[in-house]
Amino acid sequence: MSERAEGQSGSSVLEALKWVIVAVLVATAVAGNSYFSEFSPLYRALGVLVVGLLAAFVALQTEQGRAFNQLRKDSMVELRKVVWPTRQETLQTTLIVLVFVLIVALLMFMLDWVLNGAISALIG
């Protein structure tokens, strides 16, 4: 049991070290972008992109990163199962929503008009 606890503490130190490396890489990208402000924005953007991709690679090596990657893969599988509406269904639904919005707008206008008349009559 103590070997398992030691293994977990060793891996948690390694996980923390990976996150520190990610934070340092992100801070380097931000500071480097500011420090090299005299260079072309294209070169700075490419530098930030490269350092960002490196930080993402290191982050994906952590437990949370692997869990996130698995969630992304599972989401893509679920997204393939979605049945998207046809063009006709989309147009019909949009028209129904527009008609409902117009009806509610008219009701709100009439309610406002009646309440305004009642308040005006009450005030004098």
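**Figure 1. Overall architecture of the chain, with 4 helices and 0 strands.** The model shown is predicted. Read from the N terminus, the order of elements is α-α-α-α. The radius of gyration is 29 Å, well over the 14 Å given by the globule rule for 124 residues, so the chain is more spread out than a compact globule. Along the principal axes, the C-alpha atoms occupy a box of roughly 80 × 50 × 40 Å. Of the 124 residues, 8% count as buried. The accessible surface amounts to about 10700 Å², and carbon and sulfur atoms contribute 73% of that surface. Among contacts in the chain with a separation of 6 or more, 67% join residues that are 24 or more positions apart.

**Figure 2. Close-up of the largest nonpolar core, formed by V22, L25, A55, V58 and A59.** The core has 5 residues, and the elements giving two or more residues to it are α1 (2-35) and α2 (41-60). Helix α2 supplies the largest share, namely 3 residues. Within this group, V22 touches A55, V58 and A59, when residues up to four places away in sequence are not counted. In soluble globular proteins, nonpolar side chains tend to be buried together.

**Figure 3. Close-up of the aromatic cluster in which ring pairs link Y35, F36 and F39.** The structure holds 2 aromatic pairs. In the pair made by Y35 and F36, the ring centres are 4.9 Å apart and the planes stand at 85°; an angle over 60 degrees counts as edge-to-face, so this pair is edge-to-face. The two residues are described by their accessibility as follows. Y35 counts as exposed because its relative accessibility is 62%, where exposed means over 50%. F36, with a relative accessible area of 38%, is partly exposed.

**Figure 4. Close-up of the surroundings of E15, a residue of helix α1.** E15 has a relative accessible area of 13% and is therefore buried, the limit being under 20%. A polar atom of the E15 side chain lies 2.8 Å from the backbone nitrogen of E63. Apart from neighbours within four places in sequence, E15 is in contact with Q61, T62, E63, Q64 and R66. E63 thus appears both in this list of contacts and as the residue whose backbone nitrogen faces the 2.8 Å distance to the E15 side chain.

**Figure 5. Close-up of P85, located in the loop between α3 (63-80) and α4 (87-123).** P85 is partly exposed, and its relative accessible area is 48%. W113 lies 28 residues from P85 along the chain, and the C-alpha atoms of P85 and W113 are separated by 40 Å.

**Figure 6. Close-up of L42, a residue of helix α2.** The relative accessibility of L42 is 55%, so L42 counts as exposed. From L42 to R87 the separation is 45 residues in sequence, and the distance in space is 41 Å, taken from C-alpha to C-alpha.

Definitions and conventions. Residues are numbered from 1 along each chain as its sequence is written. This is a predicted model: local features need pLDDT of at least 70, side-chain atom pairs count only at pLDDT 80 or more; totals for chains, interfaces and linings use all residues. Side-chain values use heavy atoms; hydrogens and water are left out. Rings of Phe, Tyr and Trp (its six-membered ring) pair if their centres lie within 6.5 Å; planes under 30 degrees apart count as stacked, over 60 as edge-to-face and the rest as tilted. Buried means under 20% relative accessible area, exposed over 50%, partly exposed in between (1.4 Å probe, protein chains only). A nonpolar core is a set of buried Ala, Val, Leu, Ile, Met, Phe, Trp, Tyr and Cys residues joined through side-chain atoms within 4.5 Å. Contact means heavy atoms within 4.5 Å. The radius of gyration is taken over C-alpha atoms; the globule rule is 2.2 Å times the number of residues to the power 0.38. Accessible areas come from the Shrake-Rupley method with a 1.4 Å probe; for residues, only the protein chains shown count as cover. A polar contact is a pair of N or O atoms within 3.5 Å; within protein, one must be able to donate a hydrogen and the other to accept it, and residues adjacent in sequence count only if both atoms are side-chain atoms.
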